[in-house]
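Pull the model up in your viewer and let's walk through how its helices pack. We'll begin with a bit of vocabulary and then get to the residues.

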Amino acid sequence: TILPAAKPKSLTDLPPDINRYYQEALSCIASQAPNGAATLFRKLIHQISIYHQVSVVNDMARPMEMVQKLEEKGLVNKTLSEALKAIMYLGDDGAHVKENEPNMEQINIVKDLMESFLEVTVLQNLKIQKLERSRNGT
């Protein structure tokens, strides 16, 4: 019997809707399923766009358009936008039959890019909100 590897160390305190796809991607990594992980990290871009109110559920916009909206709203800088595009491109490779089949090395890089993005956007925003509530006594 071959058991999946332990799930990689993960970020904590993510909003539930974001955490759901993030944890599922980590499960794919633990199961050595790079196509699944790549596709879920791509799907996570959509969920992050919903979180930042530049997209909605069932939005048929392309992920590239969602990244552009995040950039236009000033929610991501050029470097973060490029990271999201790299994640999106590998997600496309995972979701479709293409010459590049995602491998675990690529997935680990994408995981690092996504975690960096989540840390400086979603988690940073939550920490700022927490500090403001603390300062206001609420």
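When two helices cross, look at them with one in front of the other: the crossing is left-handed if the near helix is turned anticlockwise from the far one by less than a right angle, and right-handed if clockwise. Keep in mind that what you're looking at is a predicted model.

With that in hand, take helix 2 (residues 34-51) and helix 5 (residues 104-136). Their crossing is left-handed. The two axes come within 10 Å and cross at roughly 20 degrees. Angles under 35 degrees count as roughly parallel, and helix 2 and helix 5 are therefore roughly parallel to each other.

So who meets whom along this pairing? From helix 2 come Pro34, Ala37, Ala38, Phe41, Leu44, Ile45, Ile48 and Tyr51. Helix 5 answers with Met104, Ile107, Val110, Lys111, Met114, Phe117, Leu118, Val122 and Leu126. Sort the contact by class and you get 16 nonpolar residues, no polar ones and one charged residue.

Some of these names turn up again in the largest nonpolar core, which has 34 residues. Inside that core, Phe41, Leu44, Met114 and Leu118 have the most contacts. The elements giving two or more residues to the core are helix 1 (16-30), helix 2, helix 3 (63-72), helix 4 (78-95) and helix 5. Which of them gives the most? That's helix 5, with eight residues.

Phe41 is a good place to zoom in. Setting aside residues up to four places away in sequence, Phe41 touches Tyr22, Ala25, Ile29, Ile87, Ile107, Val110, Lys111 and Met114.

Now slide over to two other residues that sit in helix 5, starting with Glu115. Is Glu115 buried or exposed? Its relative accessibility is 11%, and buried means under 20%, so Glu115 counts as buried. Beyond its neighbours within four places in sequence, Glu115 is in contact with Lys9, Ser10, Leu11 and Tyr22. Tyr22, you'll recall, is also one of the residues that Phe41 touches.

The other residue is Gln124, whose place is in helix 5 too. Gln124 counts as partly exposed because its relative accessibility is 38%, and that class lies between the 20% and 50% cut-offs. Again leaving out residues up to four places away in sequence, Gln124 touches Leu118 and Glu119. For a sense of distance, try Gln124 against Tyr21: they are 103 residues apart in sequence and 19 Å apart in space, C-alpha to C-alpha.

Terms used
Residues are numbered from 1 along each chain as its sequence is written. This is a predicted model: local features need pLDDT of at least 70, side-chain atom pairs count only at pLDDT 80 or more; totals for chains, interfaces and linings use all residues. Side-chain values use heavy atoms; hydrogens and water are left out. Axes are lines fitted to C-alpha atoms, for helices over the stretch in contact, and angles run from 0 to 180 degrees between N-to-C directions. Helices (H or I, at least four residues) and strands (E, at least two) are DSSP runs, numbered from the N terminus. Angles under 35 degrees count as roughly parallel, over 145 as roughly antiparallel, 65 to 115 as roughly perpendicular and the rest as oblique. Contact means heavy atoms within 4.5 Å. Ala, Val, Leu, Ile, Met, Phe, Trp, Tyr, Cys and Pro count as nonpolar, Asp, Glu, Lys and Arg as charged, and the others, Gly among them, as polar. A nonpolar core is a set of buried Ala, Val, Leu, Ile, Met, Phe, Trp, Tyr and Cys residues joined through side-chain atoms within 4.5 Å. Buried means under 20% relative accessible area, exposed over 50%, partly exposed in between (1.4 Å probe, protein chains only).
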